Amino acid sequence: MQTLEAIDVSVYTLGIWLVHPGRENDFVQAWRDLARKTQEDFPHAKAVLMHDHDVRNRFISTGPWESLEQAEVWRASEMFKQSLEGMHEMLEHFEARTLDEAASIGWD
C-alpha cells in the first residue's frame with residue numbers, strides 16, 4: 001500500500017448541510033454571512049457553497065486552508081460557533097469534515 005506524501009498537501013473543510021424545505025434562501029444568506037465574517041478573520045480564505053441538483057434541500061460547502069491548524073482555529077472560534085447556532089433552526093442536519101488533498105487536476 002502506498003502512503004501519501006505530506007509535502008504540499010492542501011487542507012480543505014467540507015460541510016454537508018441539509019436544510020429544512022422552504023428555508024433554502026434563508027440558509028444561503030446565513031452561509032454568506034458566515035463566509036463574510038470568516039474572511040474578516042482570515043483575509044485569504046476562499047469557499048464555495050454548492051446546491052445539490054438531486055436533493056433540493058442539500059448544500060455542500062468547501063474551501064481550502066493554509067494549514068490544518070488554521071482550519072481548527074476557525075472551527076473553534078466563537079464566530080463560527082455563533083454562526084452555526086444562528087443556522088440551527090434552518091437545518092435538519094449538518095456534517096463537518098476536514099480533508100487532505102489526495103490528487104488534483106487542472107489547478108495551477
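Two strands count as paired if DSSP finds at least two bridges between them. With that in mind, a friendly place to enter this predicted model is the pair β2 and β3, where Leu49 has Ser61 of β3 as its bridge partner. The pairing of β2 with β3 is antiparallel and extends over four bridges.

The wider fold can then be read outwards from this pair. The protein has three helices and four strands, and from the N terminus on its elements follow the order β-α-β-β-α-α-β. The four strands make up an open sheet, ordered β2-β3-β1-β4, with antiparallel pairing. At its edges stand β2 (48–51) and β4, each of which pairs on one side only. On average, and with direction ignored, neighbouring strands of this sheet are turned by 15° against each other. Helix α2 packs on the sheet, where it touches β1, β3 and β4, and its direction makes about 35° with that of β1.

Strand β1 takes part in two of these pairings. Towards β3, β1 pairs in the antiparallel sense over eight bridges, and Leu18 stands opposite Arg58 in β3. Towards β4, nine bridges join the two strands, which again run antiparallel; here Val11 has Asp100 of β4 as its bridge partner. As a general point, the side chains of a regular strand alternate between the two faces of the sheet.

Gly15 offers a closer view of β1, the strand in which this residue lies. Gly15 counts as buried because its relative accessibility is 4%, and the cut-off for that class is under 20%. Once neighbours within four places in sequence are left aside, Gly15 is in contact with Phe59, Ile60, Ser61, Phe94 and Glu95. One of these residues, Ser61, is 46 residues away from Gly15 in sequence, yet the two C-alpha atoms are 5.0 Å apart in space. Ser61 is also the bridge partner of Leu49, the pair with which this passage began.

A second residue worth a look is Gln70, which lies in helix α2. Gln70 has a relative accessibility of 19% and therefore counts as buried, given that the class takes in values under 20%. Apart from neighbours within four places in sequence, Gln70 is in contact with Phe42 and Trp65.

Two totals describe the chain as a whole. Of the 108 residues of the protein, 28% count as buried. Among contacts with a separation of 6 or more, 74% come from residues 24 or more positions apart.

The last feature to describe is the largest pocket, which holds about 290 Å³ of space. Its lining comprises 22 residues, and those closest to the centre are Thr13, Trp31, Thr38, Ala47 and Trp74. Two or more lining residues are given by each of β1 (11–19), α1 (24–41), β3 (58–65), α2 (68–76) and β4 (91–100). Helix α1 supplies the largest share of this lining, with six residues. By residue class, the lining of the largest pocket divides into twelve nonpolar, seven polar and three charged residues.

Methods
Residues are numbered from 1 along each chain as its sequence is written. This is a predicted model: local features need pLDDT of at least 70, side-chain atom pairs count only at pLDDT 80 or more; totals for chains, interfaces and linings use all residues. Side-chain values use heavy atoms; hydrogens and water are left out. On a 1 Å grid over the protein atoms alone, a cavity is a set of points where a 1.4 Å probe fits but cannot get out, and a pocket is an open set with protein on both sides within 12 Å along at least five of seven lines; lining residues have an atom within 4 Å of a point. Grid points are joined across faces, edges and corners, and a volume is the space filled by probe spheres set on the points. Ala, Val, Leu, Ile, Met, Phe, Trp, Tyr, Cys and Pro count as nonpolar, Asp, Glu, Lys and Arg as charged, and the others, Gly among them, as polar. Axes are lines fitted to C-alpha atoms, for helices over the stretch in contact, and angles run from 0 to 180 degrees between N-to-C directions. Contact means heavy atoms within 4.5 Å. Buried means under 20% relative accessible area, exposed over 50%, partly exposed in between (1.4 Å probe, protein chains only).
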